[in-house]
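Biologist: I would like to learn how to read a model like this one, feature by feature. Could you walk me through it?

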Amino acid sequence: MRALILVDIQNDFLPGGPLPVPEGDTIIPLVNQLQDRFDLVVATQDWHPAGHKSFASGHPGKKAFDTIILQGVQQTLWPDHCVQGTVGAGFPTLLNMNKPEAIFRKGMDPEIDSYSGFYDNGHLKSTGLAGYLREKNVTGVYLAGLAGDICVFSTGMDSLKENFFTFIIEDATRPLNREHFRKLMQDFPANGGKLIQSQDL
Ligand code: VGL
Ligand code: ZN
């Protein structure tokens, strides 16, 4: 079984939002098309309580994109984004959300961030995604979504750790920072992952 995971395709990450991924909106038509080619589609959703510790607004003297140490792990501080129940945390109206069978929410613990759809950044708590995929007999995990260099990459690395064959669909993702993404995609194959194009599917 092959599963497509839609990572954090949410309003706040689109151009015009508080944490915009350049061209993030342009993946939506392709992501809609790709869904029919998979046995299983699931989505992840960044879902922070207001005042989450990853928000720069709660750290006097700090600004967005500064880094601090949080719970022993390096943390980039972000603009407030994807607050539970807000329109910004919702899925874009143009994104087809009929096919995804389940939505795995992450980032609810106010004290620690969670980039991956599988675990928080301290690898302390699981979302249950790995067990869900295994119970569905998934062996291949295909990733699309935002942001390529943050949550898509982290989800991919955890997927490899969970022993799934793991593919990042390059044209179905966009990074916050292109250079950062390019560097990370040199490590990804070294860990067993594959960067592919949608036409390779
Ligand atoms: C993300 C930064 C903060 C992402 C989520 O979905 O890539 N990035 N929270
Ligand atoms: Zn977040």
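**Reading the model together**

Modeller: Happily. Let us begin with a pair of helices: Gly148, Asp149, Ile150, Phe153, Gly156, Met157 and Leu160 in H3 meet His180, Phe181, Leu184, Met185 and Phe188 in H4. Please keep in mind throughout that this is a predicted model.

Biologist: How should I describe the way two such helices pack?

Modeller: Two packed helices are described by the angle between their axes and the distance between the axes. Here, the axes of H3 and helix H4 (residues 178-190) come within 10 Å and cross at roughly 10°. Angles under 35 degrees count as roughly parallel, so H3 and H4 are roughly parallel to each other.

Biologist: Which residues does phenylalanine 188 touch beyond its sequence neighbours?

Modeller: Not counting residues up to four places away in sequence, phenylalanine 188 touches Phe153, Gly156, Met157, Leu160, Thr166, Ile168, Gly193, Lys194 and Leu195. Phenylalanine 188 is part of helix H4, and its relative accessibility of 0% is why it counts as buried. For a sense of scale, the C-alpha atoms of phenylalanine 188 and glycine 145 are 16 Å apart in space, with the two positions 43 residues apart in sequence numbering.

Biologist: Is aspartate 187 buried, partly exposed or exposed?

Modeller: Aspartate 187 also has its place in helix H4, but it is partly exposed because its relative accessible area is 38%. Buried would require under 20%. Aspartate 187 and leucine 70 are 25 Å apart, C-alpha to C-alpha, and 117 residues apart in sequence.

Biologist: Now the interior. What is the general idea behind a nonpolar core?

Modeller: In soluble globular proteins, nonpolar side chains tend to be buried together. In this model the largest nonpolar core has 57 residues, and Leu4, Ile5, Val31, Leu133 and Ile169 have the most contacts inside it. Helix H3 (residues 148-161) gives the largest share of this core, six residues.

Biologist: What does isoleucine 169 contact?

Modeller: Leaving aside neighbours within four places in sequence, isoleucine 169 is in contact with Leu4, Leu34, Phe38, Tyr142, Leu143, Ile196, Gln197, Ser198 and Leu201.

Biologist: And glutamine 35: is it buried or exposed?

Modeller: Glutamine 35 counts as buried because its relative accessibility is 2%. You will find glutamine 35 in the loop between helix H1 (28-34) and E2. Apart from residues up to four places away in sequence, glutamine 35 touches Leu4, Leu6, Val41, Leu95, Asn96, Lys99 and Pro100.

Biologist: Let us turn to the metal. Which residues coordinate the zinc ion (ligand 2)?

Modeller: A good habit is to list the donors, then ask about their geometry and their places in the chain. Asp46 (OD), His48 (NE2) and His81 (NE2) coordinate the zinc ion (ligand 2) at 2.0 to 2.2 Å. The four donor atoms subtend angles of 89 to 169°, which makes the arrangement irregular. Along the chain, the donors follow the spacing D-x1-H-x32-H. The histidine pair links distant parts of the chain: histidine 48 is in the loop between strand E2 (40-46) and strand E3 (67-70), while histidine 81, 33 residues apart from it, is in the loop between strand E4 (73-76) and strand E5 (102-106).

Biologist: Are these zinc-coordinating residues buried or exposed?

Modeller: Histidine 48 counts as buried, at 0% relative accessibility. Histidine 81 is buried too, with 3% relative accessible area. Aspartate 46, in strand E2, counts as buried at 3% relative accessibility.

Biologist: What surrounds aspartate 46?

Modeller: Beyond its neighbours within four places in sequence, aspartate 46 is in contact with Asp8, Gln10, Phe13, His81, Cys82, Ala89, Lys106 and Ser114. Aspartate 46 and glycine 107 are 61 residues apart in sequence, yet 5.9 Å apart in space, C-alpha to C-alpha.

Biologist: Finally, which backbone details should I look at?

Modeller: Look at omega and phi. The peptide bond from leucine 146 to alanine 147 is cis, with omega near -15°, and alanine 147 is in the loop between strand E6 (140-146) and H3. Cysteine 82 is not a glycine, yet has a positive phi of about 50°; it lies in the loop between E4 and E5 and counts as buried at 0% relative accessibility. Histidine 123, not a glycine either, has a positive phi of about 55°. Histidine 123 is in the loop between E5 and helix H2 (129-135) and counts as partly exposed at 37% relative accessibility.

Notes:
Residues are numbered from 1 along each chain as its sequence is written. Chains are lettered from A and ligands numbered from 1 in the order in which they are written. This is a predicted model: local features need pLDDT of at least 70, side-chain atom pairs count only at pLDDT 80 or more; totals for chains, interfaces and linings use all residues. Side-chain values use heavy atoms; hydrogens and water are left out. Donors are N, O and S atoms within 2.8 Å of the metal (3.2 Å for Na, K and Ca); water is not among the atoms, so sites may look incomplete. Four donors count as tetrahedral if all angles lie between 85 and 135 degrees; four count as square planar and six as octahedral if opposite donors are over 155 degrees apart and all others between 65 and 115; anything else is irregular. Helices (H or I, at least four residues) and strands (E, at least two) are DSSP runs, numbered from the N terminus. Buried means under 20% relative accessible area, exposed over 50%, partly exposed in between (1.4 Å probe, protein chains only). A nonpolar core is a set of buried Ala, Val, Leu, Ile, Met, Phe, Trp, Tyr and Cys residues joined through side-chain atoms within 4.5 Å. Contact means heavy atoms within 4.5 Å. Axes are lines fitted to C-alpha atoms, for helices over the stretch in contact, and angles run from 0 to 180 degrees between N-to-C directions. Angles under 35 degrees count as roughly parallel, over 145 as roughly antiparallel, 65 to 115 as roughly perpendicular and the rest as oblique.
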